[in-house]
Amino acid sequence: KVVCGYCGQPISAETGTSKSGAVKRYYKCLGRKHGNKCTKSVVRKDVIENLVVETTHQLLDTSAALYMVADRIIEANQKRLRDQSVLNSLNKELATVEKSISNLLMALEQGVVTPSTKKRLEELEARQEDINARILVERVRLTVQLSKDEIVKYLKTAIKKEPQQMIDLLVKQVVLYDDKVEITYNYTDNKEDPDDDRRDFLLCETTFETPLYEIKTARTFTQTMQVFIYF
């Protein structure tokens, strides 16, 4: 769920040992690790995890907050129903793929047959099948009307889970920078469309004083980080 805000690569948990022999657990950008010159600094594992958990608890700890989030979710869902932007985008993508398939079939009919042509046709047909499945899911989704009570019940259930379960259920993605964190939450437990990375709205913005860890010098320092919360 954690990605680098600078290079877009995943950020993974690692373990290191300081000069004193103390074990340090931290998150490190795979882009930096693999030498793509990413400058994202290393951050302590417990700091980021606690920040996400505490932010989630604070965000949804009151009935007023829950109902405010529910209202915003309903607004976002109604907007989606009106503009059908996701469905329109999928239909355009499908038309492009179908045109490419048609062109390749014409080439095959004219005797242009190569291993790369056949491979490309198979790839396009697989993509066509995937898009058709996503279109079906989106059409069903557009018929679903979310109620405020259902949303509030879902959120209340989610925040009562153990931290790991709560994160699995609620958090969609955490984007790390050196001076800010962007947390995007799911507002439904529907897993049908994991590729949909749209953000429906910025719920709030806050700041945290966070202790960070520098591996090379084994130095711990405090830094103010902006936290942007999306649903």
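**View 1. Y177 and its partners in a predicted model.** Y177 is buried, with a relative accessible area of 18%. This model is predicted, so local features are described here for residues with pLDDT of at least 70. Look for the ring of Y6 beside that of Y177: across the whole structure, a search turns up 1 aromatic pair. The centres of the Y6 and Y177 rings are 5.3 Å apart and their planes stand at 80°, so this pair is edge-to-face. Is Y6 buried, partly exposed or exposed? With a relative accessible area of 42%, Y6 is partly exposed. Now find K180, which lies over the face of Y177, 4.7 Å from the ring centre.

**View 2. Two loops that the aromatic pair links.** Step back along the chain to see where each tyrosine comes from. Y6 belongs to the loop between β1 (2–4) and β2 (11–17). Y177 sits in the loop between β5 (171–176) and β6 (180–185). The two residues are 171 residues apart, and the pair links distant parts of the chain.

**View 3. Cysteines without a disulfide.** How many disulfides does a search of the whole structure find? The search finds 0. C29 is in no disulfide, and its nearest cysteine sulfur, that of C7, is 3.4 Å away. Why does that distance not count? A disulfide needs two cysteine sulfur atoms within 2.5 Å, so the C29 and C7 sulfurs at 3.4 Å do not qualify. C29 is also buried, at a relative accessible area of 1%. C38 is in no disulfide either, with the sulfur of C4 as the nearest cysteine sulfur at 3.6 Å. C38 counts as buried too, at 11% relative accessibility.

**View 4. Helix α3 from end to end.** Helix α3 covers residues 63–83, which makes 21 residues. From its first C-alpha to its last, α3 reaches 30 Å, close to the 30 Å expected at 1.5 Å a residue. Several of its residues are buried, among them A65, L66, V69 and A70. Further along α3, the buried residues include N77, R80 and L81. Just after the helix comes Q84, whose phi is positive, near 50°.

**View 5. E138 and the residues around it.** Which helix holds E138? E138 lies in helix α5, residues 115–142. E138 is buried, with a relative accessible area of 2%. Setting aside neighbours within four places in sequence, E138 is in contact with R80, V86, L87 and L90. You have met R80 already: it is one of the buried residues of α3.

Notes:
Residues numbered from 1 in each chain as written. Predicted model: local features only at pLDDT ≥ 70, side-chain atom pairs only at ≥ 80, totals over all residues. Heavy atoms only, no water. Buried < 20%, exposed > 50% of the residue type's maximum accessible area, 1.4 Å probe, protein only. Helix = DSSP H or I, 4+ residues; strand = E, 2+ residues; numbered from the N terminus. Expected span 1.5 Å × (residues − 1). Phe/Tyr/Trp six-rings, centres within 6.5 Å; stacked < 30°, edge-to-face > 60°. Lys NZ or Arg CZ within 6 Å of the ring centre and 35° of its normal. Contact = heavy atoms within 4.5 Å.
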